[in-house]
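Reader: I have a model open on my screen and some questions about it. Can you walk me through them?

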Amino acid sequence: MKKVFGIQSFRLCQQGVCNANMDGRDVVCIMPTGGGKSLTYQLPAILTPGCTLVISPLLSLMRDQLLHLQEAGVEAVMLTGGTPKSLSDEIQSRLISLALSKSSGQAGREIKLCYVTPEKIAKSKVFVSLLRKLVEGGKLARIVIDEAHCVSQLGHDFRPDYKKLSVLRQFFPHVPILALSATCPPKVLQDILKILQMKPVVDGKASGREGTVHFSAPLYRKNLHYYVHPKPSSVKEVISTMSEYILQNHKNESGIVYCLTKKDAEFVAESLRNVSNDAIKTGVYHSEVPDVQKEQLHTLWRKGTVQVVCATIAFGLGIDKGNVRFVLHHTVPFADSCSQKSLDGYYQESGRAGRDGQDADCVLYYRPQDASRLSSITCSEAAEGQAKLRDMLRFAQDMQECRKILFAKYFSESSDLSVASWTTDEANAMDRCGHCDNCTRPPETVNYKDVTIEAWQILKILSAVEDQGGRLTVSGVSDLARGLGGGSFDTGGKRKKIRGKVQLDYAAVAGGKVMLSKEDAESLIVQMLITGYLKEAFASTAYTVNVYVVSGEKAFRLSRFSRDDIVDGKGPRIECSFRRQARKGKAAVKKRVARQSPGDLNSGEDDDVIQPPKRARKTITQGEGKKPVVGRSGDPEVEEIAEPEEDFTNEIRMIDAQESEPDEDEDDDPWAYSFRAHNRPAKKRRVSNVGRNRGPTSSKTVEDDVISLSSD
Ligand SMILES: Nc1ncnc2c1ncn2[C@@H]1O[C@H](COP(=O)(O)OP(=O)(O)OP(=O)(O)O)[C@@H](O)[C@H]1O
């Protein structure tokens with residue numbers, strides 16, 4: 001172990017897994033990402049005769065393992081659909097020689113590890129007959145199924161070809177199987193055992209002579225420091241915030257920036273490079289990057305020539321780079337179409353950091369508006385997908401509970417994974433970690449407020465809009481509730497021409513406008529979505545999916561009360577955490593940068609400026625033109641409230657007119673836009689034609705309320 005892998009001692013349950021493995025037992029091993037699962041089969045592979053077959057879901061994962069093993073002088077090969085014929089022939093003939101050889105192994109160039117994709121087992125009869133020969137010659141030492149949760153549709157990475165691995169036990173009933181995974185709730189575990197036809201599990205610590213030995217290491221990794229960082233509304237500002245963060249906290253250290261789409265990954269990579277004057281060397285990784293380029297990037301990243309890989313979910317499963325010091329999420333994570341968007345995926349992706357056990361930062365950039373974008377992507381999926389998305393949003397919105405506890409609760413409640421999985425030698429599962437953003441947040445940077453009145457107002461305003469057949473998005477609700485756009489909204493109607501404008505009587509409908517900033521109002525709306533006072537409604541056009549906000553199942557619990565009742569404390573109470581408003585403009589940025597010297601995390605000075613996450617500290621434990629007034633009381637008087645300040649910093653551009661402005665016959669709702677960034681100036685479209693000449697407010701673009709269907 002020391003000589004070949006340079007590893008001094010076992011960690012977690014590695015030793016037990018190696019022993020059970022070498023004892024010829026079936027084993028299921030659940031260890032966190034970066035826990036060291038590879039050693040549990042690579043060490044037995046080089047210590048025992050014969051070849052170990054490893055089934056792995058991703059080419060990048062295999063390549064990575066191969067690089068490592070070859071560097072360590074271990075005879076390892078990979079066989080995939082892309083392996084050149086000559087090489088494939090050579091490998092197969094080496095395996096046949098091994099099968100036929102009389103020696104007990106350990107000879108010269110004997111293949112010790114053979115990595116294949118599940119497709120190879122499912123689709124290549126030649127390969128399966130080759131395995132049969134190995135088995136007959138007593139040379140197939142064990143079968144390793146890496147990322148074994150991929151067999152289960154209940155998991156977050158289901159791969160149809162993994163299901164077909166059931167043939168392995170049928171064909172080779174006596175070859176031991178080792179199933180490896182990072183997160184595996186009991187239901188998924190049962191699926192793994194059933195599909196792979198393994199025996200019922202027995203506990204790894206007290207296993208009898210029969211059954212599959214089950215090892216499970218604590219999932220909590222105390223060297224990872226979790227932060228949710230407010231995401232600016234402007235694309236440019238997001239990039240400069242990230243660049244500042246990297247340069248201040250992780251200069252020349254390796255990291256990953258996960259993005260939602262291929263385009264995002266490309267854009268972020270290029271922009272980070274530009275904005276940092278090439279100080280941050282970036283590379284792009286997604287499913288459409290050619291294999292050769294992926295390989296080059298991989299090598300350059302491992303060497304440190306490329307500092308940051310900007311990638312989609314396609315990057316990371318099994319990538320073995322120990323010294324990844326930070327994983328940033330440009331947007332709340334979203335995986336592929338068969339995956340459920342949730343904390344599972346986030347935990348996996350962020351877990352690519354700090355695999356060497358040293359401190360690493362996991363930063364999620366979040367703004368409530370991203371909820372719409374994700375909702376539009378998940379809309380076609382089952383209600384469960386939406387529920388999982390809400391779990392993720394709940395995590396992102398939370399500014400109080402320790403991130404470790406949020407993970408522990410999520411995995412135990414949603415996935416039936418024992419809370420004990422987060423118990424470590426030093427701390428109980430429900431002890432606060434003491435080092436995430438919520439554990440270290442200066443109290444003065446968060447406003448924890450009772451916003452029942454504001455929530456009630458939003459419900460009343462939305463109900464008035466719904467009564468008129470109108471539809472609003474998250475931003476639409478927030479803007480109207482705050483009195484933007486002259487306080488008018490579109491009535492219903494498929495065709496634009498038959499729509500009308502309605503002037504909202506704030507005093508009559510809701511006792512006035514909602515007195516929250518744009519960010520806070522949007523946070524509250526997402527909070528109300530998460531808690532069921534509001535819900536999403538979807539409308540598809542030929543080009544996009546629009547996500548609207550409508551009254552939810554719980555709305556009536558609050559809206560049935562009068563304003564006075566709410567003021568008197570009747571009805572359910574709604575509370576929400578808001579960040580203290582950050583100063584905008586260059587001065588604030590400069591100030592923020594200046595404040596980032598180590599040690600000032602809790603200084604509390606200038607507490608109206610939100611501090612970016614600090615470097616991880618050492619681990620511590622009607623008809624057009626008509627404007628009817630909508631009101632429910634007889635008093636039409638509208639409260640005099642200063643118009644909330646508009647945010648014009650958003651630089652997200654509308655996509656081509658063709659995409660953003662479908663035919664009149666389409667559902668041409670004005671909120672169908674894309675997040676894609678373009679270099680040309682934005683086309684502006686007015687929310688309303690009511691106040692065209694009223695200055696900034698009336699000329700508000702709707703660029704910040706955009707939805708894109710492009711994803712990986
Ligand atoms: N006992 C150990 N002591 C120190 N380092 C170790 C030990 N075991 C493994 N490592 C190192 O930890 C890193 C992660 O190991 P490995 O790739 O096996 O993780 P993993 O559990 O397979 O993660 P993933 O779920 O992402 O595939 C590697 O760099 C490896 O060399």
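Author: Let's start with a term: a polar contact is a pair of N or O atoms within 3.5 Å; within protein, one must be able to donate a hydrogen and the other to accept it, and residues adjacent in sequence count only if both atoms are side-chain atoms. This is a predicted model, where local features need pLDDT of at least 70 and side-chain atom pairs count only at pLDDT 80 or more, while totals for chains, interfaces and linings use all residues. Residues are numbered from 1 along each chain as its sequence is written, and side-chain values use heavy atoms, with hydrogens and water left out.

Reader: Which residue has a polar backbone atom 2.7 Å from a nitrogen atom of the ligand?

Author: The ligand has 17 residues around it (a heavy atom within 4 Å), and the closest include Lys-37 and Arg-355. An oxygen atom of the ligand sits 2.7 Å from a side-chain N or O atom of Lys-37, and for the side chain of Arg-355 an oxygen of the ligand is at 2.4 Å. The backbone partner of the ligand nitrogen is Ser-9.

Reader: How much of the ligand's accessible area does the protein cover?

Author: Areas here come from the Shrake-Rupley method with a 1.4 Å probe. On its own, the ligand has 640 Å² of accessible area, and the protein covers 84%.

Reader: Is Asp-26 buried or exposed?

Author: Asp-26 is in the loop between α2 (14–22) and β1 (27–30); helices (H or I, at least four residues) and strands (E, at least two) are DSSP runs, numbered from the N terminus. Its side chain reaches the backbone nitrogen of Ile-177 at 2.9 Å. Buried means under 20% relative accessible area, exposed over 50%, and partly exposed in between (1.4 Å probe, protein chains only). Asp-26 has 9% relative accessibility, so it counts as buried.

Reader: And Lys-236, buried or exposed?

Author: Lys-236 belongs to helix α11 (residues 235–249). Its C-alpha is 9.2 Å from that of Val-275, with the two positions 39 residues apart in sequence numbering. Because its relative accessible area is 55%, Lys-236 is exposed.

Reader: How far apart are the end C-alpha atoms of helix α19?

Author: Of the 16 residues in α19, 13 are buried. The expected span is 1.5 Å times one less than the number of residues. For residues 452–467 that should give 22 Å, which agrees with the distance between the end C-alpha atoms, 22 Å.
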